[in-house]
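Ready for a few warm-up exercises? Take a look at the structure below, then work through the tasks with me.

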Amino acid sequence: MSETNRSGADSQPPIADPQIVSNQVSPIGADAAAGAPGQDLSSLQKQGERYAPAEAVLRRAHVPDFDALRQSSIADPETFWSNQARELEWFAPWTEILQWRERTDAAPPQVQWFVGAQCNITANALDRHAREGSARRNKVALLWTGEPDANGKIAERAFTYGQLLRRVNQCANVLKGLGVQAGDRVTLYMALTPELPIAMLACARIGAVHTVVYGGFSAPALKSRIEDSESKVVICTDIGYRRGKVIDLKGAVDEAVRGLDFVQRVLVHRRGDTTLDESRETDFDSALDAASSECEAARLDSEAPLFFLYTSGTTGKPKGVVHTHGGYMVGTSYTHRICFDLHDDDIYWCTADPGWITGHSYVTYGPLINGATVLLAEGALDFPDAGRWWSVIEKYGVNIFYSTPTAIRALMRFGDEFPAKYDLSSLRVLGSVGEPINPEAWLWFHKNIGHEQTPIVDTWWQTETGQFMIATVPSYPTKPGSPGKPLPGIEAAVVDKEGREVEPGKGGFLIIKKPWPGMMRAIYKDPERYEKYWTLIPGLYAAGDVATCDEDGYFRVMGRADDVMNVSGYRIGTAEVESALVSFPAIAEAAVIGKPDPVKGESIKAFVILRQGHEPSDELLQQVKQHVREELSPIAVPGEIDFVPSLPKTRSGKIMRRVLKAKELGVEPGDISTLED
């Protein structure tokens, strides 16, 4: 552990050299890393240990030499991305691969990929698979399973690529009949059913811009997004189902569109007995059934906007991140294919809702472009019991399973017996997304779900990046708690405040050096907020995360830059303390904040959820503190620990530490529209 105000050979100022408290260990060789089946994982080192892929994974690998591919792509990134783009279909070729105008005092940076090209993302996600003679025409594209009802009955539906194309065309024709044109915005507020990706693809097919709002946001949050995007049409589901309860979605839409005269029509996918106001509302299924199933994909400029996706910040209104057709389809399809080592016979399940960027890039667009069979599962992970997800994997023979650390930790609370009840042998690749996965959860996932044979692809990326940025591929050794290395075509680094790369193991700001195809193009109607991504470290994209990079080149993301505490002159990542806490056997989840302290600068307060079978006590409190002392550092021991039944989370599963901090300090929490409860 190092002090931030130490003097050293480099004489860097403390703010320019953020140090992260870390108990890193020396890595071992990949040949010894995999461990024997049945090995006690609790005895293994929690960080630094490398896990080699199983021989069966190596035999089918799309990327046999990850490091060589990375090196060649960085040497000539434009040629690399041009080669990936040629794997897709374009209406007209590009005249220039990349135009990049760096930031100036007068304007934020601007980027264009595949300049002059014409395309449509749905032509690659649908037409090329569904055309006559294609082997994928009758392959299942979307496979949907509903939540079990009171009698245990489960609804199921499936769309082949041919059927999906026809239904998307019908939806596109309905939108055109409502006056929606290229460039118009359409807001989607829907349950997790096939109608949601169908509506997304229909918008894209005619060049309309979709803005998906997670079904369950409050009416005011929904209204703010409809207003900002000035959507001409809203598409909604009347009800959803979760934990056996009926969720009223249309009620929120009714309230949100009240007084918004620019909303010309509301398309309602009815699952219940909802009565429609025919003066303003149209039945989704009836309208689609009456529409033609023929609709050519619009020929769009590569830089034509595809969607806006609103993300919340610590202050101010949500930001409408803008993504485009051409570069986004290249970036998402390539990274999806190599990171999950996708093969044509795979069943792929990402548990994200399409209301989030993961559901855009890696439920809808990337997988469909790659011709995958995509599983959609409505409902909660622990209903009717904590074996629900594992039963889905067994029933459908899922090969690739992609979820969040929050979900994994939640399922850990129920113990090992639930996954042990099910046959999970179909799994070939596991994935993690949303936040850094603590080593304890990684090891549980590896042992109980992957049976110590299935590689875990941990992915670091953002709504703003559009595509995976740092990860590994299944054929490459992994380290618990690390997403891995920058992917081919991505040049990332950890730097100090002046933009100088820090030495291995030191904490700093995670940055991206050069443009990449899936990157956002703007913040809708807010260029100043877009520019901030490029001003923290001038000339570089600053992700807002703090990270380290070890001697092997593996990155480790510590959390947001504003999730780093300064305790007695030491920079301590909240993720580090949380990881130490959840490695204690009685703790399922933890969140940590820094509180102002007149002596230390900041003191640490922790909020923890106990596993089933454990109760709060003074004795347990002292055991937890001693555990953190031993696992991390005496400096990192929380001064206060609250045992709580739940933590504030976004609907995508991220813990909202700033809400905890605001409540603790008695201040306004800022935008909480993404808060689950």
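**Exercise 1.** In which loop does proline 384 lie, and what is the peptide bond leading into proline 384 like?

Solution. Start with the place: proline 384 sits in the loop between β17 (373-377) and α12 (388-396). Here helices (H or I, at least four residues) and strands (E, at least two) are DSSP runs, numbered from the N terminus. Next, the bond: going from phenylalanine 383 to proline 384, the peptide bond is cis, with omega near 5°.

A word on the source: this is a predicted model, where local features need pLDDT of at least 70, side-chain atom pairs count only at pLDDT 80 or more, and totals for chains, interfaces and linings use all residues. Residues are numbered from 1 along each chain as its sequence is written, and side-chain values use heavy atoms, with hydrogens and water left out.

**Exercise 2.** Find the loop that holds glutamate 230, and give its phi.

Solution. Look between α7 (219-229) and β8 (233-237): the loop there contains glutamate 230. Its phi is near 50°, a positive value in a residue other than glycine.

**Exercise 3.** Which residues of α4 meet which residues of α5?

Solution. First locate the helices: α4 covers residues 121-130 and α5 covers residues 161-177. Then list the contacts (heavy atoms within 4.5 Å). From α4 come Ala125, Leu126, Asp127, His129 and Ala130, and they meet Tyr161, Gly162, Leu164, Leu165 and Val168 in α5. Finally, sort by class: seven are nonpolar, two polar and one charged, where Ala, Val, Leu, Ile, Met, Phe, Trp, Tyr, Cys and Pro count as nonpolar, Asp, Glu, Lys and Arg as charged, and the others, Gly among them, as polar.

Note on methods:
Axes are lines fitted to C-alpha atoms, for helices over the stretch in contact, and angles run from 0 to 180 degrees between N-to-C directions.
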